[in-house]
Amino acid sequence: MSETEIITALCHMHGSRFGYALANGTVGVYDRATRYWRIKSKNHAMSIHAFDLNSDGVCELITGWSNGKVSHTCTVRVNRRNVKGKDDCRAAIFRWEINFRVGIVLH
């Protein structure tokens, strides 16, 4: 990993991929030593968990945030290009918001 911030959470996704959360609000996925994708937030990820929520056979990253949001982010490349011409695989498939800080996401 080439991250310089403190790692606050890790979770196995599938195969050689794993999800991570950093103290500065960054959440993402690595495939071995290569960063697959990441997002940065002003909020902090309180908990991350890998789960196949849409039953497509691939685990997505479920993140519970300090502001009460729960997001479900895909971990596979989608057929869409971002502004830099790279495959965009950070599509938030699902978001849910509560009025309290998320303590942990359980399976």
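How many bridges join strand 2 to strand 3, and do these strands run parallel or antiparallel? I looked this up before anything else, keeping in mind that the model is predicted. I find 5 bridges joining strand 2 (residues 17-22) to strand 3, and the two strands run antiparallel.

**Entry: strand 3 and its neighbours**

I then looked for individual partners, and noted that Arg-17 has Asp-31 of strand 3 as its bridge partner. Between strand 2 and strand 3 there are 4 residues, the two strands forming a hairpin, and in its turn I read a positive phi of about 95° for Gly-25.

Turning to the other pairing of strand 3, I count 5 bridges to strand 4 (residues 34-39), and these strands also run antiparallel. Here Tyr-30 stands opposite Arg-35 of strand 4. The hairpin of strand 3 and strand 4 has 2 residues between the strands, and in this hairpin Arg-32 has a positive phi, near 55°.

I also asked how much of strand 3 (residues 27-31) is buried. The reading is 4 of its 5 residues, so I describe strand 3 as largely enclosed by the rest of the structure.

**Entry: aromatic rings**

Next I went through the rings and noted 2 aromatic pairs in the structure. One is the pair of Phe-18 and Tyr-30, which is stacked, with 5.8 Å from centre to centre and 10° between the planes. Since Phe-18 belongs to strand 2 and Tyr-30 to strand 3, this pair ties together parts that are 12 residues apart in sequence.

The pair of Tyr-20 and Tyr-30 has ring centres 5.2 Å apart and planes at 55°, so I entered it as tilted. Tyr-20 lies in strand 2 and Tyr-30 in strand 3, so here the parts tied together are 10 residues apart in sequence. Taken as a group, Phe-18, Tyr-20 and Tyr-30 are linked into a cluster by ring pairs.

I checked accessibility for two of these residues, with buried meaning under 20% relative accessible area. Tyr-30 comes out at 1% and therefore counts as buried, and Tyr-20 is buried too, with a relative accessible area of 0%.

Which residue lies over the face of Tyr-36? I find Arg-17 there, at 4.1 Å from the ring centre; this is the residue I had already noted as the bridge partner of Asp-31.

**Entry: Leu-10**

Is Leu-10 buried or exposed? I placed Leu-10 in strand 1 (residues 7-14), and its relative accessible area of 54% makes it exposed, because the cut-off for exposed is over 50%. Leaving out residues up to four places away in sequence, I list its contacts as Phe-18, Gly-19, Tyr-20 and Ile-48. I also noted the C-alpha atoms of Leu-10 and Ala-21, which are separated by 6.6 Å although the two residues are 11 apart along the chain.

**Entry: cysteines**

Last, I looked for disulfides and found 0 in the structure. What is the distance from the sulfur of Cys-11 to the closest cysteine sulfur? That sulfur is in Cys-59, 8.6 Å away, which is too far for a bond, given that a disulfide needs sulfur atoms within 2.5 Å. Looking from the other side, I find that the cysteine sulfur closest to that of Cys-59 is in Cys-11. Cys-11 itself is buried, with a relative accessible area of 12%.

Definitions and conventions. Residues numbered from 1 in each chain as written. Predicted model: local features only at pLDDT ≥ 70, side-chain atom pairs only at ≥ 80, totals over all residues. Heavy atoms only, no water. Buried < 20%, exposed > 50% of the residue type's maximum accessible area, 1.4 Å probe, protein only. Pairing = 2+ DSSP bridges. Phe/Tyr/Trp six-rings, centres within 6.5 Å; stacked < 30°, edge-to-face > 60°. Lys NZ or Arg CZ within 6 Å of the ring centre and 35° of its normal. Contact = heavy atoms within 4.5 Å.
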